[in-house]
Amino acid sequence: MKFDFETEIDRRAWNSVKWDRYRDQDVLPLWVADMDFPTPEFVMKAIRTRLQQHPILGYSTVPDALVENFVDWTDRMYNWQINADWLVWLPSVMTGINIAVQVIGNRNDHCVIPTPVYPPFLSVPEQNVREPAFSPLVLQKDRWEMDFDDLDQTTKRASTLLFCNPQNPTGRVYAQNELWELAKVCLRNNTVLISDDIHWGLVLDENVTYKPIASLAPEVAERTITLYSHTKTYNIAGESVAVAIIPNPDIRRDFKAHAQRIHPSLSPLALAGATAAFADNTSWLIDLNSYLRQNRDLLQEAITDSEVLRTTPVEGTHLMWIDAKCLPVSNPQKHFESFGLGLFDGVAFRSPGFVRLNFAMPRTLLEKGIERLISATSAYR
């Protein structure tokens, strides 16, 4: 491999949200979706070059090169031809989700959210004076699937539906037939689909393919806002830039007007990093996913051997969704924490009894985490 995924980097002195949660404690922080690998050198080089070439970090417009790189990227990666005019650049994907729900429909409309899901989704309806309507994913033959009959009923009074693909926390990468079924639900009910595709690059199962739902057909694109960022795939969340793809001109006009009121500018260093990431022609994606795949398999084996934990195959992301309800403890997250494992409590995802584990780390750290997981479950086998 050209890239270093093995070296442990001490992040505790560098104001890391992930590591500061357990400052001065012997707890491995495997909770937030932040990889413990260095940002690839070609992205870092682009940021250093921006610093060296110009000494002022003032308010910045989006570089033409970033727009060109992104338009080329959707074509190259997904055979999806988009127009530069469809793009609205943002500081983060969650900013885009909130803007979308704010400008689509009316106060007290329903906003549909399939669950379990990334916790910030759950506060979006209330923040934007909408009524949340939850549609639980169902476990079918060892994989989490959308319940399309339930979604169809739940969406009848909804102006928006929040979607996540690859899915956080279950790790699903939805198949094309599933995407079509969801698209038909939204078209039937005149609901705008807001698709968070931030984990686009982290596809671990070699038998599945990630596809943007808006690329299915023009009529689907007209009712979809797709949100992208390079930050998860290239581990650069601290220099965040995101983009909304909005083919529908009326939706885009309202979205853009609202976005310009709340964020006048983006970080010039973040823009430099994004410009480099969307032009990436290295083996980063291949090497990263190969390493993550091996980590996933080691962790999956340990969970299976535990006999009291259950999980499902992780097709995408670097997150494992673990059913700990067979552990005879009142709070699985606190139980694992007492054994030195800092996991994300499933309660935050609307799924008590589950925990989420981030396995994007050097193998030596993962092996230490697996040892602690075994210790935390061995008494209950």
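The legends below describe close-up views of a predicted model.

**View 1. An open sheet of four strands, with antiparallel pairing.** The strand order is E11-E12-E15-E14. Strand E11 (310-311) and strand E14 (344-345) stand at the edges. Each has a single partner strand, so one side of each is left without a neighbour in the sheet. Helix H11 (residues 284-306) packs on this sheet. H11 touches E11, strand E12 (319-323) and E15. The direction of H11 makes about 5° with that of E12.

**View 2. Strand E15 (residues 354-358) and its pairing with E14 and E12.** Two bridges join E14 to E15. Five bridges join E12 to E15. Both pairs run antiparallel. On the E14 side, phenylalanine 344 stands opposite arginine 356 of E15. On the E12 side, leucine 319 has asparagine 358 of E15 as its bridge partner.

**View 3. The two faces of E15, both covered.** How many of the five residues of E15 are buried? Five of five, and the strand is mostly covered. Phe354, Arg356 and Asn358 are buried on one side. Val355 and Leu357 are buried on the other. Arg356 is also the residue that stands opposite phenylalanine 344. Asn358 is the bridge partner of leucine 319.

**View 4. The largest nonpolar core, with 70 residues.** Which residues have the most contacts inside this core? They are Phe70, Tyr228 and Phe336. H11 gives the most to the core, with eight residues. H11 is also the helix that packs on the sheet of the first view.

**View 5. The surroundings of phenylalanine 70.** Neighbours within four places in sequence are left aside here. Phenylalanine 70 is then in contact with Ile82, Leu87 and Trp89, among others. Its contacts also include Tyr228, Val243, Ile245 and Phe278. Tyr228 joins Phe70 in the list of residues with the most contacts inside the core.

**View 6. Helix H4 (residues 93-103), largely enclosed by the rest of the structure.** Nine of its eleven residues are buried, so the surrounding structure largely encloses the helix. The buried residues include Val93, Met94, Gly96 and Ile97. Asn98, Ile99, Ala100, Val101 and Val103 are buried too. Glycine 105 follows H4. Its phi is positive, near 75°.

**View 7. Two cis peptide bonds, each leading into a proline.** Most peptide bonds are trans. The bond from threonine 115 to proline 116 is cis, with omega near 5°. Proline 116 sits in the loop between strand E3 (110-115) and helix H5 (124-127). A cis bond also joins asparagine 165 and proline 166, with omega about -5°. Proline 166 lies in the loop between strand E7 (158-164) and helix H7 (176-188).

**View 8. Positive phi at aspartate 24 and asparagine 79.** Most residues other than glycine have a negative phi. Aspartate 24 has a phi near 65°. Its place is the loop between helix H1 (17-20) and strand E1 (28-29). Is aspartate 24 buried or exposed? Aspartate 24 is exposed, with a relative accessible area of 79%. Asparagine 79 has a phi near 50°. This residue lies in the loop between helix H3 (64-78) and strand E2 (87-90). Asparagine 79 counts as exposed, at 57% relative accessibility.

**View 9. The largest cavity, with a volume of about 60 Å³.** A search of the whole structure finds two cavities of 30 Å³ or more. The lining of the largest includes Ile113, Pro114, Val117, Phe121 and Leu137. Leu162, Phe163, Cys164, Gln167 and Tyr174 also line this cavity. Which elements give two or more residues to the lining? They are E3 and E7. E7 gives the most, with three residues.

Note on methods. Residues numbered from 1 in each chain as written. Predicted model: local features only at pLDDT ≥ 70, side-chain atom pairs only at ≥ 80, totals over all residues. Heavy atoms only, no water. Pairing = 2+ DSSP bridges. Contact = heavy atoms within 4.5 Å. Axes fitted to C-alpha atoms, helices over the stretch in contact; angles between N-to-C directions. Buried < 20%, exposed > 50% of the residue type's maximum accessible area, 1.4 Å probe, protein only. Core = buried A, V, L, I, M, F, W, Y, C linked by side-chain atoms within 4.5 Å. 1 Å grid on protein atoms, 1.4 Å probe; cavity = no way out; pocket = protein on both sides within 12 Å on 5 of 7 lines; lining within 4 Å. Points joined across faces, edges and corners; volume = space filled by probe spheres on them.
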